[in-house]
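Hi,

Here is the structure I promised to pass along. Have a look at it first, and then read on for what turned up.

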Amino acid sequence: MKKIADAVGAFFLNRRNLFILGFVLTFVITLLEVLREKQFNFFTFQLSTFDFWVGEDPYGVEKYDFLYGPLFSILFTPFAYLGKTVGPFVWNLFNFSAYFCAIFTLPRLIEAQKCKTYLYTALILATTQMSMQFNPVVAYLFVFAFTLFEKNHPLWAILLILISGFCKIYGIFELALLLCYPKFWRNLLYTVLLAAVLFLLPLVALPLSGFIPHYMRWAEVLGLHVDQFQFYALFNLHLVHDLLTPIMTYVQMGTITILAVLFVSNYRKFGRFDFRLGSLGILMGWVILFSLSTEKHTYVIALLGYLLWYWVQARKATFDKVLFWANFILLVVVPVDLICPPPVMRFLCDTVQLNIWCFTITWFRMIYVTFLKPDRTDQKEVQALTEPV
């Protein structure tokens, strides 16, 4: 029995095996959606891209419920013109491959931790890819940018962060990590120049007179999206919904400001890998927990960040282990209707909202351990965590 368990463990902790399994799973779920012609998000991306290139307004619920910046339409163009059958396969398989690669390019984490990171998020990744969402792109851009910073390629890291931000806002906050790396002012100059280029890039299709109105329409539809569906952010908790929803913008600004203060107050740890990666995990949790439109499968971003934090920051106490498995059950397993009956899922996620509560507690735990808890790392550990890759 032990030999069988060891063989199974070795199989699932093998990078090549996991990639093949994930690639096949992605292909199958894409095939099922295409055969049923339910690749609705792809249609939204595709039709809005076509609209962009002919100068029409792609925004508005009455059209496609399109919520992405004009840069997205430019980047999505190759997928859009592959057609409604081939395009979804290329989109999903490309994003799966990039997500998988992002995990395995992370420095310092051991191979087993990287394999477990993919395994932990595989089901929720499949769920969001079944809907052909943009969430995997946000997740892997966060991670790729971090890896590029760690490997001393700040220009490319900043470019990826800005691409994410100009497509769906989320990723822009990763720029805070600039403080952790050498040559801050040079990197800030890179940021300004690249942001200017990406901001102006939609002029390849938009007339000058419609350029700013196009960005304003994007901002407008983002604001209107808030109460349109059942969402799963902190604002949607029944206990605080009526209190926080009218002031959600102030809550977002206030919480990110508090995070910034806590981050900067730990400046002595900027040179430590565990602190930088832990801070990234907290940020990836914040952009989902305090989003205006978090769906169940959007948590692929937050959970990927949580796992990065877990490997380097969690104290491995019983409480951390309970949270580890509670998040997996409530955020990964329960939303899959092939595993959990829909009535049970609706009770746990919509009635008692255990999924939101669980990750909220987890996120505050991440903040406490990373920013507030007295540091007991000894000198030898500090040296290991600050050595270059």
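Below is a short tour, from the whole chain down to a few single residues.

Please keep in mind that this is a predicted model. The protein chain has 18 helices and zero strands, so if you go by the definition of strands as DSSP runs, don't expect to find any. Its C-alpha atoms fill a box of roughly 60 × 55 × 45 Å along the principal axes. Is the chain as compact as a globule? With 389 residues, a compact globule would have a radius of gyration near 21 Å, and the protein chain agrees because its own value is 21 Å.

The inside and the outside come next. Of the 389 residues, 53% count as buried. The chain exposes about 18,000 Å², and carbon and sulfur atoms supply 71% of that area. As for charge, there are 29 positive and 23 negative side chains, with the centres of the two sets 12 Å apart. Among contacts with a separation of 6 or more, 74% join residues 24 or more positions apart.

Now to the core. In soluble globular proteins, nonpolar side chains tend to be buried together. Here the largest nonpolar core has 126 residues, and Trp 91, Tyr 299, Ile 301, Tyr 306 and Trp 363 touch the most other members. Helix 14 (residues 299–313) gives the most to this core, with 13 residues. If you zoom in on Trp 91, you'll see that its contacts farther than four places away in sequence include Phe 42, Phe 45, Phe 72, Phe 76 and Phe 79, along with Met 132 and Val 137.

Leu 303 is worth a click too. This residue lies in helix 14, and it counts as buried because its relative accessibility is 0%. Leaving out residues up to four places away, Leu 303 touches Tyr 120, Thr 121, Ile 124, Asn 327, Leu 331, Val 332 and Phe 359. Its C-alpha atom is separated by 8.4 Å from that of Gly 281, 22 residues apart along the chain.

Finally, two backbone oddities. Most residues other than glycine have a negative phi. Asn 152, however, has a positive phi of about 65°. Asn 152 sits in the loop between helix 7 (135–150) and helix 8 (154–168), and at 58% relative accessibility it counts as exposed. Ile 169 also has a positive phi, near 65°. Its place is in the loop between helix 8 and helix 9 (184–200), and with a relative accessible area of 38% Ile 169 is partly exposed.

Cheers

Conventions. Residues numbered from 1 in each chain as written. Predicted model: local features only at pLDDT ≥ 70, side-chain atom pairs only at ≥ 80, totals over all residues. Heavy atoms only, no water. Helix = DSSP H or I, 4+ residues; strand = E, 2+ residues; numbered from the N terminus. Rg over C-alpha atoms; globule rule 2.2 N^0.38 Å. Buried < 20%, exposed > 50% of the residue type's maximum accessible area, 1.4 Å probe, protein only. Contact = heavy atoms within 4.5 Å. Areas by Shrake-Rupley, 256 points an atom, 1.4 Å probe, with all protein chains shown as cover. Lys, Arg positive; Asp, Glu negative; His and termini not counted. Charge placed at Lys NZ, Arg CZ, Asp CG, Glu CD. Core = buried A, V, L, I, M, F, W, Y, C linked by side-chain atoms within 4.5 Å.
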